[in-house]
Structures are given as C-alpha cells and as structure tokens.
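Subject: Structure for you to look at

Hi,

Here is the structure I promised to pass on. Please open it alongside this message, and my notes on what turned up follow below.

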Amino acid sequence: MILSVAIVTGFQREITNKVTGFDSHLKVVSLLDGSDEYNKLVIDHRMLENLRLINGVEKVQVFAEQPGIVEFNKEIAGVNVKGLDSLYERTFFEKYLLSGKLPDFKDPEKNEILISKVLADKLGFKLSDKITVYFVNRNKPATPRNFKVTGIFNSGLAVFDEKVIFISLTQLQRVKGYGLQVFLKQNDDGTLSASAFGGDKKYRYHWNNRWYGPGPHALTADSSLISVVLTDQSKTLADTAFFDPRTGNSWSSGGSNRFYVDGYDLFLTDISRLNQIEEEVYDKLAYNLVTKNIMTDNPEIFNWLEILDVNVYIIIILLAVVAVINMSSALLIIILERANLIGILKAIGAENSSVRKIFLW
C-alpha cells in the first residue's frame with residue numbers, strides 16, 4: 001500500500017514539475033491578453049519586487065512568447081516560441097538536456113535556439129544545424145529568422161516537447177516590435193538619414209537641431225554631435241540615436257524593445273497554496289492586469305492527475321478491507337486453537353475481559 005501511494009504521488013509531482021518547468025505556477029498578463037495591439041507590458045520593477053515579497057512566491061521572472069513555424073529541409077512544424085533572459089531558472093533545462101548546451105540567452109546576436117528531440121526527429125535536423133523560424137503575427141507577414149541549434153532536450157512530456165522552443169528574450173522582443181528602434185546612417189552623398197522600426201509606424205523624429213522627418217539631411221562643416229529621439233502616436237517608449245560628424249560613427253541607445261514583455265512568470269514553493277496566493281497576487285495588480293494559473297491553462301493534464309487520486313483511494317480502501325478480514329481470520333483461528341487454554345483460564349477464575357486482552361495483545 002505504501003509503495004502504491006508513493007508511486008502515484010511521485011508520478012503526480014514529477015508531471016507537475018515538468019509542466020511548471022515549461023510554464024509557471026502563475027502568470028501575470030495584460031487584461032487584453034491575446035491581442036497583438038495590447039498584450040505588451042512595460043516592465044514594472046517595483047511591482048516585480050512586491051510580487052517577490054508575497055509569502056509562498058519563490059521567484060518572479062519576465063517572459064515573452066509568440067506562435068511560430070519551424071522549417072528545415074522543407075519540413076515544417078507549428079510551435080510556440082518562448083523568449084527567456086539570462087536570469088531565467090536554468091535547472092529545469094539542464095536536467096533534461098540531451099546534447100549540446102543551453103543557448104546564451106544574454107547575447108541575442110548569436111541566434112541560438114533550444115529545441116526538443118521530438119522536433120529534431122520529426123524535422124530531421126541535428127545539433128549545430130541552422131533552422132528557420134517564421135514568427136506569426138496577426139495581420140502582418142510572417143517574420144523569418146535563422147537560428148543555430150545549440151541544445152536538444154527531452155523532458156518526456158510530448159505535449160510540450162513537440163510545441164515549445166526557447167530563444168533569447170531580447171531576440172523575441174525585437175521580432176515582436178513592441179518598442180521603437182532608430183538608427184542613423186551617413187549616405188554616400190554625405191547626407192544623414194534615420195531608419196525607424198517597431199511601434200505603430202506613425203513616427204515622429206525629434207532632432208537636436210531644426211531638422212524634420214527621417215531625411216536625408218545635409219551636414220554642414222560646423223555640425224556638432226547630432227541626436228534624434230524617435231516617438232510614435234501610440235506613446236511607445238522612445239529610442240535615441242547619435243551621430244558624430246567628426247568621426248562618422250553612429251550609435252543607438254539599443255531600442256526600447258527591452259522594456260516590454262508579455263508578462264511575468266511566478267513560481268511558488270507549494271502548489272497546494274495556488275488559489276490562495278493567486279488571490280494575494282491579484283490584489284497587488286493594476287487594473288489592466290490579470291492572473292492565470294497553470295491548472296486553468298492545462299485542465300486536461302491536471303484533471304488526469306486528479307483522477308489518479310481516485311486510484312489511490314480505491315487501493316487504500318481495498319487493502320484496508322483485506323487487512324481487516326485477514327486480522328479477523330487470524331484472530332478467530334488463534335481463539336479456536338486455544339479453546340483448552342480458554343477453558344483452563346475460566347476454570348481458575350479469569351474474567352472475560354482478561355481473556356480478551358490476552359488474545360488481542
């Protein structure tokens with residue numbers, strides 16, 4: 001009985017840990033989650049710190065995700081691309097890593113990707129191969145990006161292995177175009193032009209001189225350091241670029257994409273307190289944020305795990321009934337075999353309670 005219960009509870013815990021490794025116990029997302037226009041969030045470090053202080057919350061991490069299509073040698077598969085930063089918990093991925101290494105989530109320029117053995121077998125690629133991922137956006141053309149497979153994992157949970165892949169969070173932030181990016185370039189004729197990306201495409205260029213629009217603009221002999229601040233009508237966080245006419249060098253502040261995410265992942269110390277902690281988290285959120293928990297997002301998995309509890313109860317009841325029958329039978333046999341002893345005890349004056357205690361003990 002103990003072994004049966006241990007196997008079932010251990011199995012439930014292992015499946016739960018795998019599901020939360022791909023996802024999290026709780027998510028904080030936009031109230032209008034699911035709309036490309038509104039599901040972006042500006043990272044609020046003060047709120048993140050408040051969430052970390054809630055009793056039962058082990059850690060809080062940011063994430064972004066996007067539907068995509070993986071292509072290799074004309075074979076394709078639909079996936080969900082999740083972007084992770086360098087602070088994301090690596091223990092889960094290291095545990096199930098089969099070959100290679102985890103991508104360098106800190107450096108998006110390396111274009112590294114972590115993908116499952118299920119997808120590798122299905123599409124036919126191997127470690128160090130280059131694959132193409134098409135990022136699917138509503139009402140926009142699919143955006144292709146090439147990645148190098150640096151790690152292959154196998155969690156054994158096929159429902160997630162075949163549909164989730166991992167890249168750098170910064171790379172995904174750029175693809176989604178939540179923020180703004182502006183670059184300055186000196187043309188062959190000596191003029192200066194600005195190139196803008198992201199946002200709502202209704203750009204406004206704020207130069208530190210009297211220029212208007214993206215250019216090209218003519219440089220003068222006495223031109224000093226030139227800068228432009230890019231904004232749009234949707235009040236997306238601005239980006240700034242600089243150009244030094246003396247050296248011909250240009251640089252940018254790095255884009256405002258890095259300040260946007262799809263939400264926050266919350267990992268708990270005890271999943272049994274999920275509903276209680278979710279209420280505490282919800283009380284600390286702004287009006288435009290909501291919570292999602294792992295059980296409502298994956299009802300088929302957790303309903304299945306709950307059914308296993310019924311098996312445990314049935315096993316315990318059956319074994320208890322068998323134990324009672326066996327003990328009663330054994331006690332009855334002992335009494336019948338000791339009839340002479342009972343007679344002697346009664347003959348010398350033993351009370352019924354004393355005889356009963358002898359057999360029970």
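Let me start with a hairpin: β14 and β15 have four residues between the strands, and G248 takes a positive phi near 80° there. Please keep in mind throughout that this is a predicted model.

The two strands of that hairpin, β14 (residues 239–244) and β15 (residues 249–252), run antiparallel and are joined by four bridges. If you want to check the register, A241 stands opposite S252, and F242 has W251 as its bridge partner in β15. Both strands belong to an open sheet of four strands, ordered β12-β13-β14-β15 with antiparallel pairing. Which strands stand at the edges? They are β12 (203–207) and β15, and each has a single partner strand, so one side of each is left without a neighbour in the sheet. From one strand to the next, the twist averages 20°.

The next place to go is β3, which pairs with several strands. With β4 (residues 75–84), strand β3 (residues 57–72) pairs in the antiparallel sense over nine bridges. Q66 stands opposite V81 in β4. These two strands also form a hairpin, with two residues between them, and N73 in the turn has a positive phi of about 50°.

β3 is joined to β17 (residues 263–268) as well, by six bridges, and the two strands run antiparallel. Here V57 has L268 as its bridge partner. With β7 (residues 130–135), β3 makes a further antiparallel pairing over four bridges, and in that one V70 is matched with V133.

Now for the rings. How many aromatic pairs does the structure hold? The count is seven, and I picked out two of them for you. In one, the ring centres of F72 and F125 are 5.8 Å apart and the planes are at 75°, so the pair is edge-to-face. F72 sits in strand β3 and F125 in the loop between α4 (117–123) and β7, so 53 residues separate these distant parts of the chain. Are these two residues buried or exposed? F72 has a relative accessible area of 11%, which is under the 20% limit, so F72 counts as buried. F125 is buried too, with a relative accessible area of 5%.

The other pair is F135 with F147. Their ring centres are 6.3 Å apart and the planes are at 70°, so this pair is edge-to-face. Because F135 lies in strand β7 and F147 in strand β8 (residues 143–153), the pair ties together parts that are twelve residues apart in sequence. F135 is buried, at 0% relative accessible area, and F147 is likewise buried, at 1%.

Two lysines are worth a look beside these rings. K27 has its charged end over the ring of F63, 3.8 Å from the ring centre. K59 lies over the face of F267, and the distance to the ring centre is 4.8 Å.

The loop between α4 and β7 holds another residue to click on, namely S128. What is its exposure? With a relative accessible area of 45%, S128 is partly exposed. Leaving aside neighbours within four places in sequence, S128 is in contact with K148 and V149. The C-alpha atoms of S128 and I113 are separated by 9.8 Å, and these residues are 15 apart along the chain.

Last come two helices. The axes of α10 (residues 339–347) and α11 (residues 352–360) come within 10 Å and cross at roughly 145°, and the crossing is right-handed. Which residues meet there? On the α10 side they are I342, L345 and K346, and on the α11 side N352, V355, I358 and F359.

If you have only a few minutes, I would begin with β3, following its antiparallel pairings with β4, β17 and β7. After that, the F72 and F125 pair makes a good second stop, as F72 lies in β3 as well.

Happy viewing, and do write back with anything that catches your eye.

Best wishes

Key
Residues are numbered from 1 along each chain as its sequence is written. This is a predicted model: local features need pLDDT of at least 70, side-chain atom pairs count only at pLDDT 80 or more; totals for chains, interfaces and linings use all residues. Side-chain values use heavy atoms; hydrogens and water are left out. Two strands pair if DSSP finds at least two bridges between them. Rings of Phe, Tyr and Trp (its six-membered ring) pair if their centres lie within 6.5 Å; planes under 30 degrees apart count as stacked, over 60 as edge-to-face and the rest as tilted. Buried means under 20% relative accessible area, exposed over 50%, partly exposed in between (1.4 Å probe, protein chains only). A charge sits over a ring if NZ of Lys or CZ of Arg is within 6 Å of the ring centre and within 35 degrees of the ring normal. Axes are lines fitted to C-alpha atoms, for helices over the stretch in contact, and angles run from 0 to 180 degrees between N-to-C directions. A crossing is left-handed if the near helix is turned anticlockwise from the far one by less than a right angle, and right-handed if clockwise. Contact means heavy atoms within 4.5 Å.
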